[in-house]
2 protein chains.
Amino acid sequence: MTSNIHDVAAAAGVSIATVSRVFNGQRVSPDRAKRVRDAARRLNFSPNRAARTLRRKHSEVIALIIPDVENPYFTAMARGVEDSAQRAGYSVVLCNTDDQDEKESQYLRIAVSENMAGVVVVPNGPTPDLLSYVASGRHVVAIDRQLDLGADEVLLDNVAAGRMATGALLDAGHRHVGLVTGPSHLSSAHDRVIGWRAAYGERGLEVDETLVEHGDFRVAGAREAMRALLGTGAEIDAVVAGNNLSGIGAFQVLARAGTVPPAFGFAIIGDLPFTTMVSARITRVGLPAREMGIRAADMLIDRIGGHGGGPRTLTLQPEILPVEEDWTV
Amino acid sequence: MTSNIHDVAAAAGVSIATVSRVFNGQRVSPDRAKRVRDAARRLNFSPNRAARTLRRKHSEVIALIIPDVENPYFTAMARGVEDSAQRAGYSVVLCNTDDQDEKESQYLRIAVSENMAGVVVVPNGPTPDLLSYVASGRHVVAIDRQLDLGADEVLLDNVAAGRMATGALLDAGHRHVGLVTGPSHLSSAHDRVIGWRAAYGERGLEVDETLVEHGDFRVAGAREAMRALLGTGAEIDAVVAGNNLSGIGAFQVLARAGTVPPAFGFAIIGDLPFTTMVSARITRVGLPAREMGIRAADMLIDRIGGHGGGPRTLTLQPEILPVEEDWTV
DNA sequence: TTGTACGCGTTATCAC
DNA sequence: GTGATAACGCGTACAA
C-alpha cells in the first residue's frame, strides 16, 4: 500500500541514496532527479515521517500548549502560530491544558517522546516539568505570560492595556472605574492592575484599591467578581473587564442589574468577535493575539534552525479599537 | 540526554525485550518488572514514539480536520474528540482548513506520512484526496456533514433542528419566518431548509420560498443574506439563523435596522457562549457538538482497534434551549 | 555525482 | 517468562 524509497529507487533505476537526496534537496543530476520524481509520483510515495524522525532525532512538528481552546484569544494565537509554522514546513499540534498543570506536563512529555522540534507554550506557572524541559536545552517559546523560565518570550504590554482601557473610561468622565481582572499569579492579570492604577495616577486622580476584583479570566469567575464589586457598596460608575471572557461575565451581571452603558462605563481588554451583537457602547482594547502567535513561532523556528544566544523577549503593544462597529460596509 | 531501552535494560540487568514488554503491558515477573520501572524512572526514560511508530506502522495520534478553529461549534467538537482520544491514549492534532479543499488535502497527506492512526474530518466535499484516503482503507470518521464517502459518520438531525427553530417562532405567533442558512452544497445547510419548510407544513401554513437566503455560515455572509432578506420587500416578521455565526451576522443587521425581538422573532440554530450578552429574547436550538466529537472519536478508536463491517451512521438530536439565561446561580 | 552499508529505538518472532 | 535478533524506512558516512 505505502511505498518506500526502495520501491521508488527500483522504479527509477537508481539507488535509495539518490532518492533520499532528491527529497532532501541535495545535488543530484537533473535527469536522474526527474526519473525519481516521476517514479515517486507514480507510486504515490511520500516519505515516512517516523523513519525520518527516528533518523534525524527531531520531527517537523511543533506543539502549541494553550489553557483553553474555546477562548478566541488563544485560538487567534493558534492561527498565527499555524501560519508561521506552515510557511516553514512545520505542522502544529494544538494542546489544551484547561489550566491544569498536570495536563501541561503530560503534553510536555509527549513532546519529548514524539521528538517534537519545539514548543510554544502559554505557561500556567513555573512548574517543575516546564522548567526541566527548558533546562534540558529543548526549544521553547513562552507566550502571553512572563515567568522567568530562561526561555524566549513573546509578551504583551499589559500595563499599557490596563492604562488604555481605564484611561478611556476616565476620559469619558467616569470617576470610579473598577477592574475585574484574573488570578494574581498571572503576570497578565497583575500588570493590567498596574496599568489601571497608572491611569488614575497620570490624571492626578485618587485610586480606590477596593475597586479591583480578581476573577479567573473566565466567564463564571468574572460574574462573581462583578457581583462582588457591585455588592461592596463602594461608589462605582464604570468597570474594565480584564480579558475577553471576563467581559462577557461582567456584562451579563451589569445587564441584569440594569446598569448598562453609557450611564455605566464599560471597557474590555481583549476582543470578542461577538461584541458587536451588543448595541451598548463598549470600549475595546485590541490585543494582537495572532501577531503574537506569528512572532512566537518565528522565534521558535529560528532557534530550531540553530540560532544561539540568551533568552529574548519581545513585547507587543495593544491598541484602542474604535467604538464604531467595525463591520460597516 | 534521552535514554533508550538499552540503557534501561542495562541498568535493570535485563534484556531489552523485557523492558519493551513492561512498557506494553505484557507478562513479566513482578520483581523484574519493578527493577525495570525503577531504572526507567531513574533514567527519566520514555519510549521513543518515532521508533514505535516505525515499527508498529501507526502512531497514537489522530487528526481532527475542521473548517474553522475560531468557530465555537467546532472547538466544542474538538474538546469532545480530545476527551475520548485522551482516554484511549491518543493525542489529537487539530487541523484547520479554512474551508479550503487544498488545505484539507495537505493535512490528509500529512496524516499518511505521519502514519496517523486515523482521521476525524468535517468534510468540505467529496474531494478526490478524501475519497482516495478512505478508499485506501485508512480509518476515517466524517462528522457534521453527510457525503456518502463510504466512511463512518456522526451527524446531526438537521431537519429536526430547522423544524424546531422555525416551529418555535411560528408557535410564538410569527407568520413570516425567514431563514439565513449556509452554502447549499452542505448537507447541514440544506437539511435545515427542509426542516424550516416542514415546520410550516406541519402547521398547515403556506411556505414562502423567497424567505430562504443562503449565506456562508460565517458572520459576513450572514450579514449580506440578512440584508438581502430585508431588502426584498417580502413580508417578514422573524428569522432563523442557520448556525451560530450566522446568528451574529443576522442579529447585527437586525439591530441596526431596529428590528429586534420580541417584535421581530429571532432564533439561532446552534449556540454561542456569548448569546447571553444580548438582552433580547433569542430562541436557541442547542447542538450537541461536544457529544458529536466524543462519539466520532469513539467510533474511530473502535475501528483502529480492528472493528470491521460496513460504514455506520450515528445521528444525534438537537434540543431547544430554555430562553431563560442559563447562568442563573 | 552515485552507491553501499550501517544505525536510529522500538516491537515481534523466534527459540530457550 | 525470558533473551537474542531481525525487521521497520530513512539519512548519511564512506568509498568509489
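How do the residues of the surface near DNA strand D divide into nonpolar, polar and charged? In this predicted model, they divide into eleven nonpolar, eight polar and eight charged, and the legends below take up that surface, the surface near DNA strand C and the contact between the chains.

**View 1. The protein surface near DNA strand D, drawn from chain A and chain B.** There are 27 residues around DNA strand D, and those that come nearest are Ile5(A) and Arg55(A) from one chain and Thr18(B), Arg21(B) and Arg32(B) from the other. Of the atoms of this strand within 4 Å of the protein, 61% belong to sugar or phosphate, and the rest belong to bases.

**View 2. Polar side-chain atoms beside a base and phosphate oxygens of DNA strand D.** At a base, a polar side-chain atom of Arg55(A) lies 2.4 Å from a nitrogen of DNA strand D. At the phosphates, an N or O atom in the side chain of Ser29(B) is 2.7 Å from a phosphate oxygen of the strand, and for the side chain of Arg32(B) the corresponding distance from an N or O atom to a phosphate oxygen is 2.3 Å. The elements that give two or more residues to the surface near DNA strand D are helix H2 (16-23) and helix H4 (49-56) of chain A, together with helix H2 (16-23) and H4 of chain B.

**View 3. The protein surface near DNA strand C.** Around DNA strand C there are 28 residues, of which Thr18(A), Ser29(A), Arg32(A), Ile5(B) and Arg55(B) come nearest. By class, this surface has twelve nonpolar, eight polar and eight charged residues. Sugar or phosphate accounts for 65% of the strand C atoms within 4 Å of the protein, and bases account for the rest.

**View 4. Side-chain and backbone approaches to DNA strand C.** A polar side-chain atom of Arg55(A), the residue also shown beside a base nitrogen of DNA strand D, lies 2.7 Å from a base nitrogen of DNA strand C. An N or O atom in the side chain of Lys57(A) is 2.9 Å from a phosphate oxygen of DNA strand C, whereas from Ile5(B) it is a polar backbone atom that is 2.6 Å from a phosphate oxygen of this strand. Two or more residues of the surface near DNA strand C come from each of H2 and H4 of chain A and helix H1 (5-12), H2 and H4 of chain B, and H4(B) gives the most, with five residues.

**View 5. Residues 3-56 of chain A, with the annotation taken from UniProt.** An unreviewed UniProt entry lists this stretch as "domain: HTH lacI-type". Over these residues the chain is 70% helix and 0% strand, and the end C-alpha atoms are 20 Å apart.

**View 6. The contact between chain B and chain A.** Each chain is represented here by 54 residues, and together the two chains bury about 5,000 Å², 55% of it on carbon and sulfur atoms. The count between the chains is eight salt bridges, including one in which the side chains of Asp68(B) and Arg79(A) meet at 3.6 Å, N to O. Helix H5 (72-87), strand S2 (91-96) and helix H10 (219-231) are among the elements of chain B that each supply at least two residues of the side touching chain A, and H11(B) gives the most to that side, with seven residues. The residues on this side of chain B divide into 27 nonpolar, 15 polar and twelve charged.

Technical notes. Residues are numbered from 1 along each chain as its sequence is written. Chains are lettered from A and ligands numbered from 1 in the order in which they are written. This is a predicted model: local features need pLDDT of at least 70, side-chain atom pairs count only at pLDDT 80 or more; totals for chains, interfaces and linings use all residues. Side-chain values use heavy atoms; hydrogens and water are left out. Contact means heavy atoms within 4.5 Å. Buried area is the accessible area (1.4 Å probe) that two parts lose on being put together, summed over both. A salt bridge is a side-chain nitrogen of Lys or Arg within 4 Å of a carboxyl oxygen of Asp or Glu. Helices (H or I, at least four residues) and strands (E, at least two) are DSSP runs, numbered from the N terminus. Ala, Val, Leu, Ile, Met, Phe, Trp, Tyr, Cys and Pro count as nonpolar, Asp, Glu, Lys and Arg as charged, and the others, Gly among them, as polar. A residue is near a molecule or strand if one of its heavy atoms lies within 4 Å of it. A polar contact is a pair of N or O atoms within 3.5 Å; within protein, one must be able to donate a hydrogen and the other to accept it, and residues adjacent in sequence count only if both atoms are side-chain atoms. UniProt positions are given in the numbering used here, feature names are shortened, and annotations may be inferred rather than shown by experiment.
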